[in-house]
Amino acid sequence: MAAVQPVVTHGTGHSTTEERDRPWQVVVWNDPVTLMSYVVVVFRRLFGYDLETATQLMLKVHVEGRAVVATEPRERAEVSVAQLHAHGLQATLARD
Amino acid sequence: MAEIRREGDLTLFQLEPKERQVLLEIVDRIEPMLGSSHWVSPRAYGDDELEREFRRLAGEDLERSREADLATLREGLAGPLPVRLGDPEVWGWVRALNFLRLALAEQLGISEDGWEERYSPRQHRRPPLATLHLLSWLQEELIDSLA
């Protein structure tokens with residue numbers, strides 16, 4: 001059975017166009033059990049990063065506790081966070 | 001002895017029926033912990049109102065996705081041996097294994113890096129830590145098979 005990927009079609013809240021277009025950061029947080037190799041393959045799969053970029057971001061999460069993995073319009077950023085959650089990674093949104 | 005190898009487009013997981021039974025029992029034991037795990041269902045927003053709205057839009061899909069991944073894992077384990085997985089199924093397995101590892105670790109009170117050093121070699125060899133290590137091994141081998 002193929003896994004269902006979460007779909008967020010609309011950004012949360014009722015905001016103006018200007019507010020909606022403002023970039024948001026997709027932040028991934030460290031946890032002590034998720035394998036480093038897993039984080040790398042998930043970053044590559046979801047964001048299309050090459051191995052070196054994905055590895056650098058994973059190490060930033062591991063060493064600094066968090067890393068901004070993408071900066072996107074809010075609706076797109078919510079989709080990214082939902083996809084990261086669907087892979088079991090700790091991800092939040094923050095205003096850029 | 002369980003072994004994972006690549007054969008063309010497929011990942012083959014060779015294991016004994018007894019080993020398969022152990023893995024299925026592990027899934028059965030840990031799955032009920034998923035619902036109460038903060039790591040399995042993390043917040044997207046610090047703000048409560050935004051978080052409620054995010055949950056309203058994405059919460060059900062995320063739950064369905066997680067259930068589908070666990071079903072993929074169970075179906076694979078219950079099927080003919082060796083288990084033959086295409087890449088979409090491998091992804092289902094690695095995601096399901098990650099959720100199981102997160103929930104088990106949270107249940108064990110693991111909260112920060114370096115937790116391994118808190119336990120003796122003997123504790124690492126026995127359940128529940130040995131269970132966590134077994135799931136880690138399986139997830140790591142499957143990730144390698146995707147590369």
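# A walk through chains A and B

Start by selecting chain A: among its contacts with a separation of 6 or more, 72% are between residues 24 or more positions apart. Keep in mind as you go that this is a predicted model. Overall, the model scores ipTM 0.95 and pTM 0.91.

**Stop 1: chain A from end to end**

Colour chain A by secondary structure. You should find four helices and three strands. Trace them from the N terminus and the order reads α-β-α-α-β-α-β. Chain A has 96 residues, and 44% of them count as buried.

**Stop 2: chain B from end to end**

Now switch to chain B, which has five helices and three strands. Along the sequence the pattern is β-β-α-α-β-α-α-α. Of the 147 residues here, 33% count as buried. Turn the chain around a bit: along the principal axes, its C-alpha atoms fill a box of roughly 50 × 40 × 25 Å.

If you like, show the contacts within chain B. Take those between residues at least 6 apart in sequence, and 70% of them join residues at least 24 apart. Colour by confidence too: the mean pLDDT of chain B is 95, and 100% of its residues reach 70 or more.

**Stop 3: where the chains touch**

Show both chains together. How many residues of chain A are in contact with chain B? The count is 29 residues of chain A, which are in contact with 40 residues of chain B. On the chain A side, select α2 (36–47), α4 and β3 (90–95), each of which supplies at least two residues to the side that touches chain B. The biggest giver is α4(A), with five residues. Colour that side of chain A by residue type and you get 16 nonpolar, eleven polar and two charged residues.

**Stop 4: helix against helix**

Stay with α4 of chain A, residues 74–86, and add helix α2 of chain B, residues 48–78. Two packed helices are described by the angle between their axes and the distance between the axes. For α4(A) and α2(B), the angle is about 30° and the axes are 10 Å apart. The crossing of this pair is right-handed.

Show side chains at the meeting place. From α4(A), pick E78(A), A82(A), H85(A) and A86(A); they meet F54(B), A58(B), L62(B) and S65(B) in α2(B). By type, the residues of this contact divide into five nonpolar, two polar and one charged.

**Stop 5: along α2 of chain B**

Hide α4(A) for a moment and look down α2(B) by itself. Where does helix α2 of chain B bend? Centre on A58(B): the helix bends there by about 50°. A58(B) is also one of the residues that meet α4(A).

Next, pick out the buried residues of this helix: F54(B), A58(B), L62(B), S65(B), R66(B), D69(B), L70(B), T72(B), L73(B) and G76(B). To see what they pack against, bring back α4 of chain A and add α1 (17–30), β3 (83–85) and α3 (87–107) of chain B.

**Stop 6: an arginine and a glutamate**

Click on R66(B), which sits in helix α2 of chain B. Is R66(B) buried or exposed? R66(B) is buried, because 23 other C-beta atoms lie within 10 Å and 20 or more is the cut-off. For a distance to try, go from R66(B) to L24(B): these residues are 42 apart along the chain, and their C-alpha atoms are separated by 17 Å.

Then jump to E16(B), in the loop between β2 (10–14) and α1 of chain B. E16(B) is exposed, as it has 11 other C-beta atoms within 10 Å. Draw a line from E16(B) to P82(B): along the chain they are 66 residues apart, but their C-alpha atoms are separated by 8.8 Å.

**Stop 7: two cis peptide bonds**

That last line leaves you at P82(B), in the loop between α2 and β3 of chain B. Zoom in on the backbone just before it: a cis peptide bond joins L81(B) and P82(B), with omega about -5°.

To finish, go to P128(B), in the loop between α4 (121–125) and α5 (129–146) of chain B. Here a cis peptide bond joins P127(B) and P128(B), and omega is about 5°.

Note on methods
Residues are numbered from 1 along each chain as its sequence is written. Chains are lettered from A and ligands numbered from 1 in the order in which they are written. This is a predicted model: local features need pLDDT of at least 70, side-chain atom pairs count only at pLDDT 80 or more; totals for chains, interfaces and linings use all residues. The bend at a residue is the angle between axes fitted to the seven residues ending there and the seven starting there. A residue is buried if 20 or more other C-beta atoms lie within 10 Å of its own, exposed if 12 or fewer, and partly exposed in between; C-beta atoms are placed from the backbone. Two residues are in contact if their C-beta atoms, placed from the backbone, lie within 7 Å. Ala, Val, Leu, Ile, Met, Phe, Trp, Tyr, Cys and Pro count as nonpolar, Asp, Glu, Lys and Arg as charged, and the others, Gly among them, as polar. pLDDT is the predictor's confidence in each residue, from 0 to 100. Axes are lines fitted to C-alpha atoms, for helices over the stretch in contact, and angles run from 0 to 180 degrees between N-to-C directions. A crossing is left-handed if the near helix is turned anticlockwise from the far one by less than a right angle, and right-handed if clockwise.
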